[in-house]
Amino acid sequence: MRLTESQLAVLEAASATDDRPIDDLAAEIGEKPETVTRAAFELADEGLLAVSEAEQVSVTVTDEGGEYVETALPEIQLHRAALDAGADDAPQSMGEVIGGADLEGGAVDIALSNYARKGYGSIESGEITADPDVDPADDSESLALEAIASAGPAETAPDETASDRDASIEPPESIDADVLGSLERRGLIERSESTVRSVTLTDDGVTALMEGIETAETVDRLTPELLTSGEWRDVEFAEYNVEADAETATGGRKHILRQTADRVKDVLVGMGFREMEGPHADSEFWINDCLFMPQDHPARTHWDQFALDLPPMESIPPGLLDRVERAHREGWGEDGDGYHSPWTEDVARAIDLRGHTTSLSMRHLSGFALGDLEPPQRFFSVEKVYRNDTLDPTHLLEFFQIEGWVMAENLSVRDLMGTFEEFYRQFGITDVQFKPHYNPYTEPSFELFGRHPETDELIEIGNSGLFRQEVLGPLGVECDVMAWGLALERLLMLMYGFDDIRDVHGTLCDLELLRETEVVR
């Protein structure tokens, strides 16, 4: 029997009694893993080796996770501080307890979001209580994080980060899969999956080694030198196994959300709408004040919005600014009353990341974007918005909103509902339901719900209504305007049955799903 040098080296390094990983063989014989893999499959085709595959899950503690291993999870630190402050006997000021916990920045939000979830106590109306019977030493996430960290190399240099000192390791079998998933979502560990191939000598392989094997010098390609010298007649060419596994090469492609956005644009343009565009960072005036949202509304705090440290916006029409202020203070029209709440120009000019694309609608309806518009008009946008939400299967910090509005005389709720039914019918969605709702800027107002094709649950897919006179009056609009904001990601969930937005958007998305799913246009 004749084999190539690499095939013979792999055969001699393999064991008849133990599975040997290909990476170990490659290191031992000084070849690249891909060369050893190719040789192993070639030998397997000859019946000399058996190749087995196993899926391996590896985890690595992140820098943030390493910090909590040294100290404690933020919610545990908050619980300790709450007990020290006496919150087990009576509710204590949340601000004082947070100060005592020595938590800063994002760690405060992390602690607050996990404190009640884990049963450490309650947080209500700015006060915190602590359950003295809960033992942080039994915290499953803390125990799992410590177990993963301790499974890494024992000796570390003082200046090494967690990612430097903790090699990728298999998670201990005692760790629950849900706990691992929670740690991964919190960014405390990084998890990866890989295929480990191992080889074992077969009986035929053992026999071949005992009988002796000749080494054949082979070439893997025909070169100009071989042709001109005539040596090609004497050399032995390597055989190619066209059925052997090969690494899959995937090219770039448009994200499924972008594909869906393009489809939405096509549908709305087909329904007679024009697209509008505008800034992602805008003044509070366009984002909220024009929408008749009081400046002390909870949704306008940093808990819901992202404020930017930028100079105030100057380019606001002074007449429009005065009219919007009057609507807030006094109301609009004969029966208007206003909010009788604080309103300042400084707040109106402050810059935020937009929490909805209705700021674009305000710019266009006021004539600021394109000049005065005469009815009838139809406009839409499909762009990103930003909200300080808690991450879950239906909420992200940034997402796409389908904004739209129609300006015409004598619009009614039936016109609004009929527009939605026609729009969603284009995507094969016919079960759209409406629920009365309250918005500061529309009356009447409706939430939209669609039925999930897999779970059969109704999920909220948008908000809508007819703009109030307190919104339209200051803008100079004298006819009816119906408007809506729909979630592009939720539309995608209804179209394809996804039950978690994070499967298609963000750092935890399923790349294979994104490569395989195609939006039909």
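**Overall layout and aromatic pairs of the predicted chain**

The accessible surface of the protein chain adds up to about 27500 Å², and carbon and sulfur atoms hold 46% of that area. The model behind these values is a predicted one. Buried residues make up 44% of the 521 residues in the chain.

As for secondary structure, the protein chain has 21 helices and 20 strands. Its radius of gyration is 32 Å, whereas the globule rule gives 24 Å for 521 residues, so the chain is more spread out than a compact globule. Laid along its principal axes, the C-alpha trace spans about 105 × 65 × 45 Å. Looking at contacts with a separation of 6 or more, 71% of them come from residues 24 or more positions apart. On the charge side, the chain carries 39 positive and 110 negative charges, and the mean positions of these two sets are 9 Å apart.

Next come the aromatic rings. A pair of rings is described by how far apart the centres are and by the angle of the planes. With centres counted as paired within 6.5 Å, the chain comes to 11 aromatic pairs. In one of them, F420 and F434, the ring centres are 6.2 Å apart and the planes meet at 35 degrees; the pair counts as tilted because this angle falls neither under 30 degrees nor over 60. F420 belongs to helix 18 (residues 413-425) and F434 to strand 17 (residues 432-437), so this pair ties together parts that are 14 residues apart in sequence. The two partners also differ in cover: F420 has a relative accessibility of 1% and counts as buried, while F434, at 23%, is partly exposed.

A second pair, F423 and Y424, has its ring centres 5.1 Å apart and its planes at 80 degrees, so it is edge-to-face. Here both residues are buried. Going back to F420 and F434, these two also belong to a wider group, as they form one aromatic cluster with F273 and W484.

Elsewhere in the chain, H79 is worth a look. This histidine is found in helix 5, which covers residues 74-84. Is H79 buried or exposed? With a relative accessible area of 1%, H79 is buried, because that value is under the 20% cut-off. Leaving aside residues up to four places away in sequence, H79 touches Y115, Y120, A130, D131, V134 and P136.

Methods:
Residues numbered from 1 in each chain as written. Predicted model: local features only at pLDDT ≥ 70, side-chain atom pairs only at ≥ 80, totals over all residues. Heavy atoms only, no water. Phe/Tyr/Trp six-rings, centres within 6.5 Å; stacked < 30°, edge-to-face > 60°. Helix = DSSP H or I, 4+ residues; strand = E, 2+ residues; numbered from the N terminus. Buried < 20%, exposed > 50% of the residue type's maximum accessible area, 1.4 Å probe, protein only. Rg over C-alpha atoms; globule rule 2.2 N^0.38 Å. Contact = heavy atoms within 4.5 Å. Areas by Shrake-Rupley, 256 points an atom, 1.4 Å probe, with all protein chains shown as cover. Lys, Arg positive; Asp, Glu negative; His and termini not counted. Charge placed at Lys NZ, Arg CZ, Asp CG, Glu CD.
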